[in-house]
Amino acid sequence: MKSWYLVYCKPRGETRAQQNLALQQIETYLPTLPQQITKAGKTSVKRLPLFPCYLFIYFDPLEFSVSKIHSTRGVSRIIGCREEMTAIDDAIVHSIKMREAKVLNALQLPSDDLLSGNDEPKLSVGDKVKFVEGPFKELEGIFEEQSGDKRCHILFEIMGQQKRVSVSRASIKGVEKGD
């Protein structure tokens, strides 16, 4: 039966893996997050992978050879592919797609509204935070470090693994100790 599975790709190989899997008629999904980038004085918004080096694929391992996927350019391995394949619940992938769509719709706002102000209270390494907007809205994580003026790195657990994401500082807030 067709299900979603998670593929670990070679570094910066998500797009290559996605293209090569598409050539084999494998449905893929690469969640992306818009990120404002300033280069040579010009600001642009670029869509970067939400989970670097990871790609969702939708296929039936009984109908399509798993070894073909492992040998696809850009693919390193299927996560949870040992004796029994570990499928990802459709609701999780659907939820990520819906949250990504909300973020992309919010992109219609002026760019200053997306990465607003530095009037937030200072966070320290290890502080609990909660996402207030974006694809992770309502999820909690741990503040790892500030990255520039308007971004920061957050650690959170998804699918049983701890992941690090770079997000707008405005998209998180500190969680009170009593919350």
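Strands, as the word is used here, are DSSP runs of at least two residues in state E, numbered from the N terminus. The model is predicted. Gln35 has its place in one such run, strand E3, which spans residues 32-39. With a relative accessible area of 18%, Gln35 falls under the 20% limit and therefore counts as buried. Leaving aside residues up to four places away in sequence, Gln35 touches Ser44, Val45, Lys46 and Leu48, and also Arg151 and Ser166.

Helix H1 comes before E3 in the numbering and covers residues 14-23. Which residues of H1 are buried? They are Glu14, Ala17 and Leu21. These three lie on the same side of H1, because the arc they cover around the axis is only 65°. The spacing follows a general rule: an α-helix has 3.6 residues a turn, so residues three or four places apart point the same way. On the face of H1 turned away from the buried side are the exposed residues Gln19 and Leu23. The buried residues of H1 pack against several elements, among them strand E1 (3-9), strand E2 (27-29) and strand E4 (42-49). Strand E5 (54-59), helix H2 (66-70) and strand E6 (75-78) are also packed against by the buried residues of H1. Just after the helix, Gln25 has a positive phi of about 60°.

Strand E1, one of the elements that H1 packs against, is itself mostly covered, with 6 of its 7 residues buried. Strands of a sheet pair through backbone hydrogen bonds, either parallel or antiparallel. E1 pairs with E5 in the antiparallel sense, over 6 bridges. E1 and E6 also run antiparallel and are joined by 3 bridges. Tyr8 takes part in both pairings: in E5 it stands opposite Tyr54, and in E6 its bridge partner is Arg77.

Later in the chain, an open sheet of 5 strands has the order E10-E9-E8-E7-E11, and the pairing is antiparallel. Strand E10 (161-168) and strand E11 (172-174) stand at the edges; each has a single partner strand, so one side of each is left without a neighbour in the sheet. From one strand to the next the twist averages 45°. At the E11 edge, the partner is strand E7 (residues 128-131), and the two pair in the antiparallel sense over 3 bridges. Within this pairing, Lys130 stands opposite Lys173 in E11.

The loop between E10 and E11 contains Ser171. Is Ser171 buried or exposed? Its relative accessibility is 6%, so Ser171 counts as buried. A polar atom of the Ser171 side chain lies 2.7 Å from the backbone oxygen of Ser168. Beyond residues up to four places away in sequence, Ser171 touches Lys130, Phe131, Val132 and Glu133.

The charged side chains add further links. Side chains of opposite charge can pair when their charged atoms come close. The count of salt bridges in the model comes to 5. One of them joins Arg47 to Glu100, with the closest N and O atoms 3.4 Å apart. This pair links distant parts of the chain, since Arg47 belongs to strand E4 and Glu100 to helix H3 (residues 90-106), 53 residues apart. Arg47 is partly exposed at 46% relative accessibility, whereas Glu100 is buried, with a relative accessible area of 8%.

Lys130, already met opposite Lys173 and in contact with Ser171, also forms a salt bridge with Glu138, the closest N and O atoms being 3.6 Å apart. Lys130 counts as partly exposed at 24% relative accessibility, and Glu138 is partly exposed with a relative accessible area of 48%.

Which residue meets Glu144 in a salt bridge of 2.6 Å, N to O? The partner is Arg164. Glu144 lies in strand E8 (residues 140-147) and Arg164 in strand E10, so that this pair, too, links distant parts of the chain, 20 residues apart. At 24% relative accessibility Glu144 counts as partly exposed, and Arg164 counts as partly exposed at 41%. Salt bridges that share partners join Glu144, Glu145 and Arg164 into one network.

Notes. Residues are numbered from 1 along each chain as its sequence is written. This is a predicted model: local features need pLDDT of at least 70, side-chain atom pairs count only at pLDDT 80 or more; totals for chains, interfaces and linings use all residues. Side-chain values use heavy atoms; hydrogens and water are left out. Buried means under 20% relative accessible area, exposed over 50%, partly exposed in between (1.4 Å probe, protein chains only). Helices (H or I, at least four residues) and strands (E, at least two) are DSSP runs, numbered from the N terminus. The arc is that of the directions from the helix axis to the C-beta atoms. Contact means heavy atoms within 4.5 Å. Two strands pair if DSSP finds at least two bridges between them. Axes are lines fitted to C-alpha atoms, for helices over the stretch in contact, and angles run from 0 to 180 degrees between N-to-C directions. A polar contact is a pair of N or O atoms within 3.5 Å; within protein, one must be able to donate a hydrogen and the other to accept it, and residues adjacent in sequence count only if both atoms are side-chain atoms. A salt bridge is a side-chain nitrogen of Lys or Arg within 4 Å of a carboxyl oxygen of Asp or Glu.
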